[in-house]
Structures are given as structure tokens and as C-alpha cells.
Amino acid sequence: MPDQPDSFQPRTGDSYETFVSILAHYEPDLRRFIRSLLPTHADTDEVLQRTAIAIWRKFDQFDLETNFMKWACVVARYEALSYRRSMARDRLVFRDDVFDLLAEEGAAEEEQRKAEETALESCLEELPSKQRQLVTLAYTQGVKVVDLAEEAGASPEAFYMRLSRIRRSLLHCIESKVSRIDPTKATA
Amino acid sequence: MNPPSEPSNGEPEQLWIEEYLDGRISPADFEALQDRLAESPSFRATFRRYAALDSHLWERSSSEDDEAAMFAWESATPSPPLVAIARPRFVLRTAVPLAAAALAAFALGGALMGVLAPSGPAGSILPEASASGFAAIERLSDPVWPDDSGPRFEGDLVAGELFRLASGTAEIRFFSGASMIVEGPAEIALRSAWEAECRSGAVRMLVPPAARGFRLHGPDTEIVDLGTEFGLDVRDGTARVEVFDGEIALRHRGGPERLVEGGSAWELPASRTETPVDPEANRFPDPIALETGSSAQRATDFHRWTSYRDRLAADDRILAYYTFEEKAGLVPDLANRTGPLAGEHDGAIILAQQVDGRWPGLKPAMEFRRPGSRVRVRIDGEFHAFTFACWVRIDSLDRRYNALFLGDGYETGEPHWQIRDDGKMMLSVMVDDTRPSPYQPDDAGFHRVYFSPPMWDLSMSGRWLHLASVFDPENRRVSHYVDGVRIHRQEITDEYFIDHLRIGNAEIGNWGQPFREEPTFAIRNLNGRMGEIALFDAALADAEITELYEQSRAGKCANGR
């Protein structure tokens, strides 16, 4: 490309750019898939990272005409598995049979998840503003729910309870919206 | 699908899911959770929905940080480069001040939520951001386009189309890695990153190992590239192939596959089998000539532009004119170089970077990729009309609002010139900052935003565009222009009329908010680069905007555009 930013020169030919654009596009989907397999966001990030590296290494084997997510899920699953082995035993790590089931079924539900993600945005809009603020804050990086609760003058339990109610109403809202979406179009 | 049941049925199990995702589940409940997951497919589905929600919410609230981190990664020497995509959050953990601000905001009853919340409402999140294209126009030299097709530009994405060139030379780079140099007149059907058909004209293919297997079709022939450089020339339905280097496999009229090595040429007539002929390499487009041609073109264009620049700087209606040639952290305002205001309008560069502009190596541009990047200016005075014109190359519209030129804060008489994430240009002037906004009670004061129709989508990423907008109180109208063509005009009604205009402190490529005491800031940086921007204390006419574009543009087209 004649006009790429100076710091963004493809170092390994055009496939690098293709890789970056594809990965950037699917990053939220991949992270979501990995999240269902591992206990924390930090673990998820780490495995997402490793997955990106693994995908880049194998990128020349990838046929651009085939389904990227399907392929990437296989890679991510493998990376999550090997990462899990390195985790301490006392962590909240799923045992093998649960891990395999979640990975297997999760990869098959990708399109459904994508549609839900779209619905989530409008569901968030429909939330009462106080609830929306609360959920946004709870997911803001570096914010601890315990601190939020204290700031709001509530116990952590009460705060988690409110959060739980918001999550449920979001899931209900998503479900009602997605069932009205033609699944073939949701991911077109 | 199995929605979570409400409220009692399945309640404890769902709590386990949430406690697990929040990292506060007890060991005993975790075991119970796993047992339940192992035995129930519907419970697993519910679990995944929760996990997805958790991931989306987390991703959503941290995406602003990502941008900063992404930039940090890009501007550092990425070695290996791939760490990029997944790494951001670890690179720039700006979470601490953000978290503090978040708590403060919460304590204040959410008064600052607008600052913290992700920039756009629901509609701004594209379900799937994708650009269509499997190849890009890499270079052009003296291109002339057929009358019935619009001009194409370097950097344009192309996909599944008939690419036609009346004369001149173009290089098309497929995403497979294969490169095609086409000499007009030519008609090439682009089918995928791995396949194309030459219906007429001469092409030269350069196929690196990564693109081995690229297929090129002639009228009666299929050629599979085995990693090579070869040419195909199609005239009057008869084709001729010549291999310069490497090897190809060709199948003519459904006959047996033939391997052809470097240094040999074959004629491929429609009516009979292929026959060997003498090589004539000069029938095919020459990459060196293309390179020379395109750099000669650049030099000519740049030279033409410099005389345009000097004329524009001397225009007495111009308020400020920046071409982004950095001098000691400043971008000089060319308009006032010799007047009493010399230096007064110079802009200060903050985090923005000088990068290649429209003519790499000849003309710089300013890039605003990093969230905090901006060029700050101060332009005092009172004005009676505004015209804004710039050359801009948008990489993507990541923000809800993507800044071109915005007055700090948003006080009475100040302009906001920006692009919304749906590709609409926006120009607005604050009419009265003491009255509530007609749109939202808690938004900034009384003003109207004049939107153009969408003029940009991802397929235009990387293309240089000339944008202009005019705020014309005298004629009571606002107009928007792209590449010298007016795409929108709208009346300024009595209610929104204002003709005492100001700028004061303002920013190019971002927005300086009113909450100056706050460490947080709205992120409106333009993900792209600007080659130049001119501000006029006058409403330029349609013809004048067209003239600005014509005189400063690059290249030429047959159809008079």
C-alpha cells in the first residue's frame, strides 16, 4: 500500500494486513468465545493474545474463503486448553468434560452470539439510566464492585444483587429481540 | 434457546453462573456449577449467554482504552507486530485515573456519565463492520477511465467487479498477495482474491509464493500460477501468454494441462490449440515504467499544488490555512505569514504525528490516530460566515463523532465541524449556550446540527477526500461538499439563525471539552490524517468550492472530473 502509516508497514507482506483486518474484525467474537472457557477477564485477555499469535503463525495455512471464526475457535480452544494446564489448581478452572462441552457447543453458536451482541446495544439503551450507569461502572476497568458499593453506601451483596437483576433483564431483552431477528440475516 | 427463567425457577444455578463470572463463587458452589453444566445442555447454553453478556459489557466499556493502547502498540516498534490486536489492555493500563473518575461520577449521581460512557448510543454500533473488497488499487499512472465509469483512486478497494481502464496503467494488489499490472485499454473481471479474468488488454502478474495457485482466465484459457511472473495479452479475442520467470500451468479450450516455464510464450487462439511463439516481453506492462510514471505524476501534482497553496494563502477571506508542515511543534498558519497577526494563528501539535501526505516524500500530513491527539489553535475575532475546507484521509470512523474542526467547549457562535460514525458530515454552530438543547435536555445548549447524507463508508478507507462545509447566515443556508460536489444544502431557519460567529480556542482533529479540570475527555479524534485545512470568514459559492478541489487535487481523469 503506498499510503500506510509509517509505523504500520507490513513486515511480512500483504498477508499481515489481511491478518490485522480480519483479527480486528473478529476480536470481540473470539474474546467472547474464550471468556466462556476461562474464569477471569485477565485470563481471557492472555489467551486471546496467545491465540492471535498462533493465528498469525498459521495464517498462511488459512484459506480466505473459508469461515475464519470456525478456524479461529479451534485455535483458541487449543490455546485455552494449554493455558488452563498452567493455571493453579485452586483457581476456578473447569474440569475437562465441562471445558470440552462448552467449547464444542460454543463454537457452533457463534452466529447466535453475534446477533445477541447487536441486540445488547439497544437493550442497554432501553435500560433506565440509573441501571445503565451502574452496569457501565461495574464493567469499567479498574473499578472494584466493592468500592462502588461503598461509594454508593450499599453492601457489596446488595450491589451484586442489583447487578444481577440488570443482567437478567438484559438477557431477557436480548432474547426477545433476537427471536425477532431472522438468524440468516443477523450475520449476513 | 433457553432464556434464564425468572424469578424462582433455576434461581440458585443462575446465581452460581454470576458468582463464577464475578469471581466470587465458593468452592462448593463451583463444584455444583460444574456438575450442573456437565449434565444439562440447556444450562450450558444459559451459561454461555451469561458469559457472552459479561464479555460484551466488558469489551464495550473498555473499548476506549483499547484505542489508546492500540496506538501505543502501533507507534512502538512492534516486534513481533502481531501482539497488537489482543494486547491493548495490557499495554496502556490507564484504568486507574479512569476508575477514580468513574467513582467520582457515580458519587455525583452520574452527572459526568456522558464523559465516561462509550461514545455512541445503540445505533452507532455496526452489527458487523466490514469493508467489501478483496483487492486494492495500489498505484495508478496516467489513468483514463471509460466515460461511463467513475474515476478510481489509489487505495480504493475493489471487489467482484469489472475493472475497466481506457488508458494508462494500474496496479491491483489482491489480498492473496498476487499483484496485477494492467495497461489500458483493458477489461478485467475481478472475481476473488485468488481469481480474475482478463477479457481484453495486457496484464502482468506477479505472484509471490503466498499467492501460488492464483487463477487467471483468458477468453478460452485458464492459467494457474505456480509462483511466478507472467503476462497475458488479450486482443480481439485472441490471447497470448508469456512466462518471464517461474512456471505456470495452463489449460486451453479444455485441453490437457500444459506446464509453461520462464522464457517461453504461447499463442492461445479461440479456434485452435495453443502454439508456441517467440517471446515479446515489451507487449506487457512494465513495472518499472509504472513506478517511474506514478512518481513523475506525483511530482507534477505536488508542484501544481504548491502554486495553489500560495494563491490560497494570499486570499484575503482566509482566516487560517494549515498545511501541516511541522516547525518546532507548531503548524504554521500560512494565511498570516506576513501580516500583523503573524504567528497568532499557528497551531500547537499535541500527540498528533506528522506522516506522509498525499504525495509521500513531498508533502506531509497530520495524523490524529491517538485518542489525545489534536492541533490546538486560537482564532479570535467575530465573523459573519464560515467556510471549512480540508483534504482528509479517513482510516475509519471509530468514534460516534469524528472531529475535523471544533471550537473548545461549545459556546455561542462557535462551530463544530465533524463526521458522524455513519459517514454523515456535520456542521453546527452554537446558537445560544444558555438555553437547553432541543434534542436532549442535558445536552449542550441550543443549536442545530446540519447533517449531510452519508458520504463515507469503510470501503473508502485510506482514500484522500476533499471535504468542505459552508455556514452562510446571509443566504440562510448550510452546504456540504465532497470532492468539490455539493451533496447537501439546508436552510437555516429563524429559530436557529445566528450571524455573530466566533472561534476562539479550537482544535483540529479532536475536541477540547469544557470540563477542563477533569482528567477525562471525550474522545473524538479523527482516525486518519489531514493534509490541509482552510478556514474562511466568508461563505464560498459552489463554484469556488469546486475550484478549490480542482486546483488542489491529484491526478487527472478523462471524464473531466
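Here are some short exercises on a predicted model, each with a worked solution.

Residues are numbered from 1 along each chain as its sequence is written, while chains are lettered from A, and ligands numbered from 1, in the order in which they are written. Because the model is predicted, local features need pLDDT of at least 70 and side-chain atom pairs count only at pLDDT 80 or more, whereas totals for chains, interfaces and linings use all residues.

**Exercise 1. Find out what secondary structure each chain has.**

Step 1: Start with the terms. Helices (H or I, at least four residues) and strands (E, at least two) are DSSP runs, numbered from the N terminus.
Step 2: Look at chain A, which has nine helices and zero strands. Its pattern along the sequence is α-α-α-α-α-α-α-α-α.
Step 3: Turn to chain B, where there are eight helices and 28 strands.

**Exercise 2. Work out which parts of chain B call for caution.**

Step 1: Use pLDDT, the predictor's confidence in each residue, from 0 to 100. Chain B averages 79, and 80% of its residues score at least 70.
Step 2: Pick out the weak stretches. In chain B, pLDDT is below 50 over residues 1–9, and it stays under 50 over residues 64–131.
Step 3: Draw the lesson. Where pLDDT is low, the predicted coordinates should not be read in detail.

**Exercise 3. Explore the largest nonpolar core.**

Step 1: Learn what counts as buried: 20 or more other C-beta atoms, placed from the backbone, lie within 10 Å of the residue's own. By this rule, 37% of the 188 residues in chain A are buried, and in chain B 45% of the 561 residues are.
Step 2: Define the core as a set of buried Ala, Val, Leu, Ile, Met, Phe, Trp, Tyr and Cys residues joined through C-beta atoms within 7 Å.
Step 3: Find its hubs. The largest core has 67 residues, of which Phe388(B), Cys390(B), Leu404(B) and Met530(B) touch the most other members.
Step 4: Find the main contributor. Strand 19 (residues 386–396) of chain B gives the largest share, seven residues.
Step 5: Note the second, separate core of 46 residues, which includes Ala170(B) and Phe175(B).

**Exercise 4. Trace the open sheet in chain B.**

Step 1: Remember that two strands pair if DSSP finds at least two bridges between them.
Step 2: Read the order of the eight strands, 14-15-18-27-20-21-22-23, with antiparallel pairing.
Step 3: Locate the edges: strand 14 (330–331) and strand 23 (446–454) of chain B each pair on one side only.
Step 4: Zoom in on one edge. Two bridges join strand 14 to strand 15 (residues 347–350) of chain B, and Leu330(B) stands opposite Ala348(B) in strand 15.

Definitions and conventions: A residue is buried if 20 or more other C-beta atoms lie within 10 Å of its own, exposed if 12 or fewer, and partly exposed in between; C-beta atoms are placed from the backbone. Two residues are in contact if their C-beta atoms, placed from the backbone, lie within 7 Å.
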